[in-house]
Amino acid sequence: MSAGFLTVAAGGPPARSPLAEGSHRGAELEERDGWMVVASYGDAEGESRARREAVGWADLSHLPKAELSGAGTWIGSPAEGLATPRGDGWSCPLTPRRALLVGDTGAPPEGATLDLTSSLGAISIVGPEARETIARFCALDTRAAVMPPFGFRPGSIARTPGYLLRAGEEAFLLIFGAAYGAYMWEVVADAGSRLGGRPVGAAALTPALPAPRQEVTTDA
Amino acid sequence: MSRLAATPGERIDRSRPLGFSFDGKPVTGYEGDTIVSALYADGRRVFSRSFKYHRPRGELCGCGQCANSLVDVDGSPGVRACGEPARAGMTVTHLNAWPSLEHDVMSATDRFGGRFTQVGFYYKTFIRPRRLWPVYEKVLRRAAGLGRLRERQDEREWETEYRRRHCDVLVIGGGVAGLAAAVRAAELGADVVLCDEDVEPGGALLFEGGQERARELADQARAAGVEVLTRAAAIGTFDDLVPVVQGSVLHQVRAARTIVAAGAIQQPLVFGDNDLPGIMLSGGARRLGALYGVAPGKAAVVATVDDRGLDDALALVAMGVEVRAVADLRPEVPGGPAARLREAGVEVLGGLTPVRGHGRRALEAVTVARPRGGGERRIDCDLLAVSAGAAPALSLALQGGARAAYDGARAAFRLTDLPAGMFAAGAAAGFDDRESAERSGLLAGAEAAASLGRHHPRLREEQVRLGGERPEPLVATPPAWAGEGGKAFVDLDEDVTVKDVKQAVAEGFESLELSKRYTTVTMGPSQGRFSQLPSARLIAAETGLDLETVGLTTARPPWTSVPLGVLAGRPFEAAKRSPVHARHRELGASVRWAGDWMRAYDYGDAEAETRAVHEAAGIIDVSTLGKLIVRGPEAGELLDRLYPNRISNLAPGRIRYGVLLTDAARITDDGTICRLDEETFYVTTTSSGAGAVEQWFTWWLADWGLDATVTDVTQGLAAINVAGPRVREVLARVTDLDVGKEAFPYLDAKQAKVGGVECLLLRIGFVGELGYEIHCAGAHGQALWDALADAGAELGVRPFGLEPQRVLRLEKQHIIVGQDTDSESTPYVAAMPWIVKLDKEQEFIGRWALEQRRGEAPPLELVGFRCADGKVPAEGSVVLGDDGTPAGEVTSARFSAKVDAVIGMARVPNELAADGARISISDGGQRIEAVVTKEPFFDPEGEVLRG
Amino acid sequence: MSFLLTCPHCGVREVTDFGYGGEVTKRPTGSPDRRELNTYNYFRRNVAGVQREWWYHRSGCRAWFIAERDTTTNEVHKTEAVG
């Protein structure tokens, strides 16, 4: 018997984001890899514009997340504060013996993994006002000189323990305890909407969150 | 509305008039005015009544620093009218006078108060008779305070934004020194933030004819990438954090280096009736004219101790004010400005200082004289412009750990011993005049940048140059006070007079810190800006100590008044919610806080919910339970050392109950441990204990260095408990798993699909009825809940909340750690000696303390009880001992319909911990009789639970 | 109190991100008598000066580490990872 009950099972009822109380409001949903995912909030163009010109935020809680523990090359060194691209995801070092895997990394060559997809919520924050939005609820230093793209920081996010991953110049991923999902969505929406932003669906988001394998480019 | 001729530096836009109201009367001003400048132009001179004596007060500083013009704007009291920009349509009212500013009945305290208003009068007067204090308090509360807060505000009326800003260099103060520092540091590549309280940076340059230089520097700063925050006040230094308030935004600035360039605050003089409207700081008078085109008076006398006052006198002459005399405390008034004044026909009187103001409602004349008497002269005037030297604004630096030393030549304190990472420029560093202040700014900027590895090529050269060029200003030290008669105020905010401070010293409050607390001097809204130096001087004079020894007090944050709304933050509460939370709301649950979580207390009918569990079945969301995965080759060893019972011999698929102990054998948490496979354990904890247990496990793991990993998956898993006689019928509809007694015995765990969802089923029962705790990925939690609810609907299954659960578990005498146990409870006290396995080979946490207590009767023991008369004792009620004294405590009590009695648990003295013992409970004086019942009230043999 | 603390894994963070575990003590071995056990359980050296102490990076990597902090100034001289 393993801890299989931790994992969202294929073939079961569609999985629901821990942010759904907030993020599914007014959303057009579609099923993707067993999860109900926000396709758009009915205005893909406006959403695109918001994240290009101000800031957009999207519920990405369905991104696979796992803890990798033990030894191994995938864990890397936490001292540099950088995530390492692995497959279509990142390996984010926490300690010399533990890392957080985010996205479709594929199976690590060594070490033991534990699925944390359901344990952690995720919000992507994208756009020229992304840093300012994050500064409204998070004290981590996100200046590019300190935290360049691929920078990874465990830290306090809106007074709860979480992680911040910089996917690109203007693209960040907040990762936090799933039980705080509704709260976190409210906090991000409050901060972002004051800066001219809006929630966005997957359609408006995709070009902004560079897959790690691609070249990281500055957002227009 | 009368204004001076327009000047290039003025801030008002005469093409854009605006209207607002003051005490119900319409006022017209211009865009760019402050409330005070518009009212001044309108001829008004009195803006408030003083705190204690209700004396009329006029403008003092003209720049938002003093407390003389506190008003209420649109329902918000405590606004400084001399710094607050006038806005069209605003409603401004005075604060501290009734029925009106002109006629204030409380001003009787000024004329007749006498011995009732002496220093310390609260403590001396209102202590006898003690029983009258509530009456005194009512009267005093009405009389004291400035302004009234509305009792209710509209929801989210105050919208605060917090903004964290990391930077290399924070420059506090945007005068010439601060601007120069910011420009230099930014040009060397540093990331710089500059904050200034005024609507534009420039400081004194803006009203002393340097506005072009100010704008040039500001442009340079912005071009170099400096983030310039205006109307932004740094309110304190908290180690590495400087909060900067800008309207409704609170910038939390963390800078690697801080440059304090907060300038200097012109000081008032202390003499009889020095608070009359019309007596103001010369810089304030000059600002009114230069920035707002308002004549500060018609006929003026200027009183000064330094050249700044002479410059200001010249400026007054230039704006057309008739300056009737300048009283300069320096016997020999030197050089240029004095000569120019004389050329302009102004009489400059050396060696004189004001000794008495005259006038009933406002200044009508002033008497000047030699400070120790003689040479008296009375001069009619409606403006007395005062310059008693400049006190550098050091508080923010002092809060950060700097020290201040008295500089006799400048009659002012200046910063010494700056803490690492802090630099000073301008007046704070002792550079008062414009040129040296600018150079000191450039140097501080270069030094701050250099300390960050960004070097200026000629840093050394500049250091040398500046060091050699500190000009020594010629300043006379103002007297601690001058003249006799009238009230001589040391502190206008708090109405503290020379007499009060003298009396405090005479009563033994000789130190500045003590006399501050006794007289409240410097404790008013202006944070001692205008009273700290005068009160220190006065104490020095009274005690015979020098000023260096008397020292300064450090003003506490906030250095500038902050609306409470700014500190209160955004109205979001970091609540944890279960994945099923939305359903509970739809079902009409009453949702309440339980620790960090929002939980369903009941669904409207706790008693019916309890009954449903006994008669059919109930489902309860227990997703809040702490859940840990402990894995690795030494996971079993780790748990053996953490629990007093044996864990490593647990077979995969089996469950055991466990309590966690400290090394003093006190119970800190409880839960179940389920072995999933050889190297993987699934541990549950109490809902509130998850975080603490994770910390506890990882702490010992770090110390012992075992090969195991602990991962908190609390928030990743939903958990739903289904319990009741019909539970197997419910489950049969949603799972293929055989949940029968033989296939799935008590304390077994199995994985299977329930309602299509991959689940872990634990056969345990907190509520006592036959039950299964079903855990699954949180993302499927709502689906699992729905499947169980739908399957059970026809069978009479109901959702039940926390309250029914509490009744049900009490029927079984299942404890809640933290409620039925306290920080003293060992397993022996908690009546679970069976859980302690002292024959275990591991030295588990708590073992030694348990060994030392083995065989001893615990002083208290947790027992169940049943009340005879139907009264429910409050939790925390006292259990009385034989002699009627408190001997124990009720930990839980409820009415149980199933048992048809009030039941509970209590910690009672050992001698009462016997089945059938009678105990007396005192609940707030009410006596309740109860009988100890050590067996569970429901299913004492556990046949139902195991069935 | 808002000093900064350097987590050996994550770097500099505000102190509010951490949990304090108290001074580093030595757990007895063998079978301590009551006095030894009580000393271990209840007594602390409480030094005014540099102290070795446990910290837990609660809002971070969730690892325990040891810091050497001056209790009179909150200056943290060094931090080191454990295990």
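How many residue pairs are in polar contact across the interface of chain B and chain A? In this predicted model, the rule finds 24 such pairs, both residues being at pLDDT 80 or more. Strand β8 of chain B (residues 161-172) gives the most to the side of chain B that touches chain A, namely eight residues. The residues on that side of chain B divide into 21 nonpolar, 14 polar and 19 charged.

The table lists further values for the interface of chain B and chain A.

| Item | Value |
|---|---|
| Residues of chain B in contact with chain A | 54 residues |
| Residues of chain A in contact with chain B | 48 residues |
| Area buried between chain B and chain A | about 4,100 Å² |
| Part of that area given by carbon and sulfur atoms | 53% |
| Salt bridges between chain B and chain A | eight salt bridges |

The size of an interface is often stated as the accessible area lost when the parts come together. For chain B and chain A, this buried area is about 4,100 Å². Charged side chains also pair across the interface, where the rule finds eight salt bridges. B:R631 forms a salt bridge with A:E67, and the closest N and O atoms of the two are 2.8 Å apart.

A separate local feature lies in chain C. Strand β5 (residues 64-70) of chain C pairs with strand β6 (residues 76-81) of chain C in the antiparallel sense, over five bridges. Within this pairing, C:E68 stands opposite C:K78 of β6(C). The strands β5(C) and β6(C) form a hairpin with five residues between them. In the turn, C:N74 has a positive phi of about 65°.

Technical notes
Residues numbered from 1 in each chain as written. Chains lettered and ligands numbered in written order. Predicted model: local features only at pLDDT ≥ 70, side-chain atom pairs only at ≥ 80, totals over all residues. Heavy atoms only, no water. Contact = heavy atoms within 4.5 Å. Buried area = accessible area lost by both parts, 1.4 Å probe. Salt bridge = Lys/Arg side-chain N within 4 Å of Asp/Glu carboxyl O. Polar contact = N/O pair within 3.5 Å; in protein donor to acceptor, adjacent residues only side chain to side chain. Helix = DSSP H or I, 4+ residues; strand = E, 2+ residues; numbered from the N terminus. Nonpolar A, V, L, I, M, F, W, Y, C, P; charged D, E, K, R; others polar. Pairing = 2+ DSSP bridges.
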